[in-house]
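Here are my notes on this entry. Please read them with the coordinates open.

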Amino acid sequence: DKYTPESWIALGNCFSLQKEHETALKFFQRAIQIDPEFPYAYTLSGHEYVANDNWDKALACFRNAIALDNRHYNAWYGLGIIYYRQEKYESSEYHFKRALAINSKSSVLYCYIGMVLHASSRLEDALEMFEKAIKIDPKNTLAKYKKASVLVSMNQYEQAKEVLEVLKDFAPKEAPIYFLMGKIYKKLKQVDKAMNCYTMALDLDTKSASYIKAAIEKLNSPDDQSEEELEL
């Protein structure tokens, strides 16, 4: 039925899954034209704007959704994402926690709160959030990866390596896993194993070739304590 917003949203979601964000936006905007009080359409539009790095329009969409429905947790989550990307971690944590208060069983939300806390150097709190995320959804690959990352920040290299070894079996073609393992082996002064992991990461992610090659070149130099990692 072309006169219902749900029909346009269904079409928009198809294009969103194909990463055709501009086309998806046109369908979501059509849904808003049909029903200007449909919060879900604003939220979906917001996420498409986020995908295009259009923060201002994304913020407006998420705020419109919340104005229409204060318990629309996806919009609170969207605001948290924007502030996280902008490195406004206090605001990001606030909005993620507003979302979590509405949807307390969300593994994704616990994971993102953990990422905010890690970025804010609140390592013990971050680890607790990642563990909660994994308990809710043992298949949450991002939460497991970020747990390993925070363990590295805590200098718990063996524990981090154990997490990544298990994760590698679940996601064998994710370059960031091998890159982080390479960093761990370097810290453990196991250069050959570090080189093997970096090489594997390079084979899997040619887009990050210059970054990975830079890490390889630094293998025999003193550890630079870099917290940077590839995005999963």
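The points below take up one helix, one pocket and a few backbone angles.

1. Status. This is a predicted model. Please keep that in mind throughout.

2. Length of helix H5. The helix covers residues 73–85, 13 in number. At 1.5 Å a residue it should span 18 Å. Its end C-alpha atoms lie 19 Å apart, so the length agrees with expectation.

3. Packing of H5. An unbroken list of names is worth checking on screen: Ala75, Trp76, Tyr77, Gly78, Leu79, Gly80, Ile81, Ile82 and Tyr83 are buried. The buried residues of H5 pack against four helices: H3 (39–51), H4 (55–68), H6 (89–102) and H7 (107–119).

4. The largest pocket. Its volume is about 560 Å³. The lining holds 19 residues, with Val50, Tyr77, Ile81, Arg85 and Tyr112 nearest the centre. H3, H5 and H7 each supply at least two lining residues. H7 gives the most, with 5. By type, the lining divides into 13 nonpolar, 2 polar and 4 charged residues.

5. Positive phi at Lys19. This residue is not a glycine, yet its phi is about 65°. Lys19 sits in the loop between H1 (5–17) and H2 (21–34). Its relative accessibility is 66%, over the 50% cut-off, so Lys19 counts as exposed.

6. Positive phi at Lys189. Here phi is near 60°, again in a residue other than glycine. Lys189 belongs to the loop between H11 (175–187) and H12 (191–204). With a relative accessible area of 72%, Lys189 is exposed.

7. Glu87. Just after H5, Glu87 also takes a positive phi, of about 60°. Most residues other than glycine have a negative phi.

Key
Residues numbered from 1 in each chain as written. Predicted model: local features only at pLDDT ≥ 70, side-chain atom pairs only at ≥ 80, totals over all residues. Heavy atoms only, no water. Expected span 1.5 Å × (residues − 1). Buried < 20%, exposed > 50% of the residue type's maximum accessible area, 1.4 Å probe, protein only. Contact = heavy atoms within 4.5 Å. 1 Å grid on protein atoms, 1.4 Å probe; cavity = no way out; pocket = protein on both sides within 12 Å on 5 of 7 lines; lining within 4 Å. Points joined across faces, edges and corners; volume = space filled by probe spheres on them. Nonpolar A, V, L, I, M, F, W, Y, C, P; charged D, E, K, R; others polar.
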